[in-house]
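Subject: Structure handover

Hello,

Here is the structure I said I would pass on. Please open it alongside this message; my notes on it follow below.

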Amino acid sequence: MHGTSTICIIGAGPVGLAALKVVLDSPQYKSGSWIPTVFESRSDIGGVWLPSDTATESPLYDSLTTNIPHPVMAYSSFSFPPSTPLFPKANVVLDYLHGYVDHFNLRPYIQFDSCVECVEWENSKWRVSVNSCAHLFDLLIVCNGHYRLPRYPSTPGLDTWLSSGLATHSSSYRNPEAFKLREGDTVLVVGGGPSGQDVATDIASRHVNVVLSAEPKPGIDVKGVTFAPRVVQFSPPTSTNSRTTGTVAFSDNTTLTSVSHCILATGYRFSFPFLQDPILLSGFPPSPSNSLPSDLYNTTYSLFPLARHIWPIPNHAPLSSSAYSPHTLAFLGLPIRTAPLPLAESQARAVLAVFEDPRRKLQLEKESEQVWERLDRLGWQGRPNHNGTEEAEIGASQWEGTLKAYHRFELALEQFDYRDELFELFSSPSPPDLTSTSTLRGEYTTVPQWEKSLYLQKNILRKAWRKVESLGDEEVRRWVWGVGSKGGDEGKLEWVEMCEKLIEWYEGLEESDR
């Protein structure tokens, strides 16, 4: 790229902040060639970690902690402060993000209370309308998050429960007190993900009966929480003695009666209201036969087709004003079940490498082949063979199921392999810096081995840490006091050693003491 290029980043949550810092670290920014601007609709940074009474702005609940240990969660260039609890609360994460912004002086580049209303491709530029004012940019990086628009299941009878207030989405959950529950009441939580597990655990501590509906059954064991399979029917609510309750039926033909409230921890929909046809179409694309879809679709579970979960893959010939160059539009933070902050850093570096040298870095034919390969790995059997005929009759449900899983990294090390692949995309041919954190405990890899190990042990670490917390604040301080104070690689090694000792201690406890 030659001359000056303007870069628009939508969102100042954790992903948008990572993208901004990577831009500021670039030689192109330092030479004045790249000029970044971040638009944030809210009045401060933090995204999902910034509290709000409005569910569409933030789904934070009072008891929320991270579900991965913070040494794995942190940006590679900025660790959590020494002595931080291993699974910090939401306010600690927000303080950490503020520290990141202040340390790297990111705030001057962020425009707050700036809602992006519409984005269009116009005369080889991105026309971004913000608070009714238009701005032109060369590169658009979308980092608006995906925890704002609740997803509701289509289970028969649910609408009546929602309209009566007997059921609510977990996005509006803050604490059990809001439900005015009585001892012995029954609460149904639908969804076995991290939020569902946290909400069920939180409510069970208030001496009520909690039933967690999830398939498959989560690997947790909490006093007061029982498990049930998928809900298949919500019967009409009934009111007696000023109390409204309901009955549900499960997929195993059992029922649950006298439900005082149902909380739907059923996830969120991808939403990009500022991107519309022809840039982004809504719904599921038709299953491909000989080529990928010509347009980019928001299925609300995924964006498809995207190269490397980031860039659109256009298959049509240039068509008037809608024919944008794919290297000028990037979506960050879409992969699910990852450590999102370091992943966002890797994605942002790849985006800038492609923007600087699109022909060498983003080879659309090769990227299209990788999309086909991912569809194959996800179990989709409808790819055409070399004769152009379908290998199998594929129903719409299987195709939609494949796209629902497209950004979900189910395999334990998949996210780390993905980051390594991105490294190959943005790295220079020069030898790696063997003094960097990449070499920490093991051979040189893009993602350090200790980070992979701690991520794989996150579940037992969380159980062990909850045990520590149950023993009181003094025990918490004993475990973390001073850990990480050496800073840099040595500080990270201190956290690794602390985690190893924590697991050894927990596994040494009697089963009854865990």
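**Overall fold**

In this chain, 64% of the contacts with a separation of 6 or more are between residues 24 or more positions apart. Please keep in mind that the model is predicted. The chain has 514 residues and a radius of gyration of 24 Å, which agrees with the value near 24 Å for a compact globule of that length. Along the principal axes, the C-alpha atoms fill a box of roughly 70 × 55 × 50 Å. Of the 514 residues, 50% count as buried. The exposed area is about 24000 Å², and 49% of it comes from carbon and sulfur atoms. The secondary structure consists of 15 helices and 23 strands.

**The five-stranded sheet**

One open sheet has five strands in the order 3-2-1-7-23, paired in parallel. Its edges are strand 3 and strand 23 (329–331), each of which pairs on one side only. In general terms, strands of a sheet pair through backbone hydrogen bonds, either parallel or antiparallel.

Strand 2 (residues 34–39) has five of its six residues buried, so it is largely enclosed by the rest of the structure. On one side, strand 2 pairs in parallel with strand 1 (residues 5–10) over six bridges, and here Ile10 stands opposite Phe39. Strand 2 is also joined to strand 3 (residues 110–111) by two bridges, again in the parallel sense. Phe39 appears in this pairing too, standing opposite Gln111 of strand 3.

At the other edge, strand 7 and strand 23 run parallel and are paired over three bridges. Leu140 has Leu329 in strand 23 as its bridge partner.

**Two helices**

Helix 15 covers residues 488–507, which makes 20 residues. From first C-alpha to last it reaches 29 Å, close to the 28 Å expected at 1.5 Å a residue. Its buried residues are Gly491, Lys492, Glu494, Trp495, Val496, Met498, Cys499, Leu502, Ile503 and Tyr506. Note that Lys492 and Glu494 are on that list. An α-helix has 3.6 residues a turn, so residues three or four places apart point the same way. What do the buried residues of helix 15 pack against? They pack against helix 3 (70–73), helix 12 (449–456), helix 13 (458–470) and helix 14 (473–480).

Helix 11 (residues 414–426) has 13 residues. Its span from first C-alpha to last is 19 Å, close to the expected 18 Å. Buried in helix 11 are Glu414, Gln415, Phe416, Tyr418, Arg419, Asp420, Leu422, Leu425 and Phe426. The cover over these residues includes strand 22 (311–312), helix 7 (340–356), helix 8 (358–361), helix 9 (364–377) and helix 12. Helix 12 therefore turns up in both accounts: it is packed against by the buried residues of helix 15, and it is part of what covers those of helix 11.

**Salt bridges**

Side chains of opposite charge can pair when their charged atoms come close. The structure holds 19 salt bridges; a few are described here.

Asp138 and Lys125 meet through their side chains, with N to O at 2.6 Å. Asp138 sits in the loop between strand 6 (133–137) and strand 7 (139–142), while Lys125 belongs to strand 5 (residues 125–130), so the pair ties together parts that are 13 residues apart in sequence. Asp138 is buried, at a relative accessible area of 14%, and Lys125 is partly exposed, at 28%.

Arg230 and Glu215 form another salt bridge, with an N to O distance of 3.9 Å. Arg230 is in the loop between strand 12 (225–228) and strand 13 (231–234), and Glu215 is in the loop between strand 11 (209–213) and strand 12, so this pair ties together parts that are 15 residues apart in sequence. Arg230 is partly exposed, with a relative accessible area of 45%.

In the salt bridge between Glu410 and Arg408, the closest N and O atoms are 2.7 Å apart. Glu410 is partly exposed at 47% relative accessible area, and Arg408 is partly exposed at 27%.

Finally, Glu120, Glu122 and Arg127 are linked in a network of salt bridges.

Regards

Technical notes
Residues are numbered from 1 along each chain as its sequence is written. This is a predicted model: local features need pLDDT of at least 70, side-chain atom pairs count only at pLDDT 80 or more; totals for chains, interfaces and linings use all residues. Side-chain values use heavy atoms; hydrogens and water are left out. A salt bridge is a side-chain nitrogen of Lys or Arg within 4 Å of a carboxyl oxygen of Asp or Glu. Helices (H or I, at least four residues) and strands (E, at least two) are DSSP runs, numbered from the N terminus. Buried means under 20% relative accessible area, exposed over 50%, partly exposed in between (1.4 Å probe, protein chains only). The expected span of a helix is 1.5 Å times one less than its number of residues. Contact means heavy atoms within 4.5 Å. Two strands pair if DSSP finds at least two bridges between them. The radius of gyration is taken over C-alpha atoms; the globule rule is 2.2 Å times the number of residues to the power 0.38. Accessible areas come from the Shrake-Rupley method with a 1.4 Å probe; for residues, only the protein chains shown count as cover.
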